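Reader: Could you take me on a close look at one part of this model? I would enjoy a friendly, connected walk through it, starting from a single side chain and moving outward.

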Amino acid sequence: MDAYGYDALGSKEWLEGDRLYRLGFQYAAVETLVREYFIGEEPFKGKKAYETEWKGKPKSIVYGRGDVSADAVIVRRPSPTEKTIPWRALLDYLPQPPLPLFVIDLSMKFLHTPEELSKLRLQLSVTLSVMREYLWDAHMSVTGTDEETAKWINEVMGVNKVAIVNARPSEVLWGYDADKVIILRPDASTPLKADDVMTADAFLLGGIVDKIPRPGLSRMLDSLVPWGVPRRIELRGSVIGVPERINRIVEILLKSRYLYDGDVEKAIITTMSKKDRVARAYREIMKYASERKVDRVGGDFYEQLRSWLSLTYDEFLEAARRAHVEVAN
């Protein structure tokens, strides 16, 4: 917009209100890229739905009914009489190749039960939604997929530009010139650090949903990308309570890199679900009670946990009940 002298962007195409108000230009750009829209200098008026500042100047998005004029508008089919910018023009402002790349390998898909496969497909769909809040589809690749699997994935992903390919992760990463590859697996010997997150060209995850535990299965990723560096995501020395779903892991990586300047711990804590927090509180309560040989914890211990775990008191009580440890008033 700045390059073309536009300050207000409208849209004649449908946009989801919540995402527009929350993500603004990120959402508008992704929709333009994925759906191959044009930006045209056509007359348009709407209400101001989003505004931010860029180089000291306000930039806004107008949408719906209103009397605020837009300088340009997102359209599916441009008017032949007006100046237009095709969606491909946006690519000139994006990194090529699209790094960092997030690769999810489905080589072990055949080991899953029908229930696990259903959960896996849902997690892939949610992963794409998370990706679009920070980057866009080109930064995600699903490998080890035959034609049937690709169709199975696209059924829930909808219109997308994710690289869903029947190739090994090494082939894809080599093609993207991804030198520093972080392999995420919970049994890696080294924890993920800020420098890993901030400097990696790519992250490799196994498309595995372990409703039935399969110890060591994720280690096969090391052989798929020999130059990759295995790392585990841990919170204060333990993987307990660290989200395990693929979409949550990707969310942690994205938050850490783009919101928290490499702070993995903060990214984990802001991504944890209630189930994750209770699991971690249970571990901390058991450790506390065991080390002190007590069967009771006080409110001061809750305050200690709450200072870093964002734990509610009800969650603390639930964890204590599971641990069969009494909470003193």
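Author: Happy to. Let's begin with Trp136, which sits in the loop between helix 3 (114-131) and strand 8 (140-143). The model is a predicted one, so please read every value here as computed from it.

Is Trp136 buried or exposed? Its relative accessible area is 9%, and because buried means under 20%, Trp136 counts as buried. As for its surroundings, leaving aside residues up to four places away in sequence, Trp136 touches Val30, Leu33, Val34, Leu91, Leu94, Met131 and Lys161. One of these, Val34, is 102 residues away from Trp136 along the chain, yet the C-alpha atoms of the two are separated by 8.4 Å.

From here we can turn to a pocket. Helix 2 spans residues 25-35, and it gives the most to the lining of the second largest pocket, with seven residues. Strand 3 (45-54) also supplies at least two residues of that lining. In total, 35 residues line the second largest pocket, and Met1, Phe25, Ala29, Leu90 and Tyr93 lie nearest its centre. The space in this pocket comes to about 1,000 Å³. If you are curious about its chemistry, the lining has 27 nonpolar residues, along with four polar and four charged ones.

Next, the sheet. Strand 8, at the end of the loop that holds Trp136, belongs to an open sheet of six strands, ordered 9-8-7-11-10-12 with parallel pairing. Strand 9 (163-164) and strand 12 (229-231) are its edges, each pairing on one side only. Further in, strand 10 (residues 181-184) and strand 11 (residues 202-206) are joined by three bridges in the parallel sense. Within that pair, Ile182 has Phe203 of strand 11 as its bridge partner.

One last stop is helix 11 (residues 299-309), whose buried residues are Phe301, Tyr302, Leu305, Trp308 and Leu309. Why do they fall on the same side of helix 11? They cover an arc of only 140° around the axis, and therefore share that side. The cover over these buried residues includes helix 9 (264-269), helix 10 (274-292), strand 13 (296-297) and helix 12 (313-322). Just after helix 11 comes Ser310, where the backbone takes a positive phi of about 55°.

Key
Residues numbered from 1 in each chain as written. Predicted model: local features only at pLDDT ≥ 70, side-chain atom pairs only at ≥ 80, totals over all residues. Heavy atoms only, no water. 1 Å grid on protein atoms, 1.4 Å probe; cavity = no way out; pocket = protein on both sides within 12 Å on 5 of 7 lines; lining within 4 Å. Points joined across faces, edges and corners; volume = space filled by probe spheres on them. Helix = DSSP H or I, 4+ residues; strand = E, 2+ residues; numbered from the N terminus. Nonpolar A, V, L, I, M, F, W, Y, C, P; charged D, E, K, R; others polar. Buried < 20%, exposed > 50% of the residue type's maximum accessible area, 1.4 Å probe, protein only. Arc of directions from axis to C-beta. Contact = heavy atoms within 4.5 Å. Pairing = 2+ DSSP bridges.
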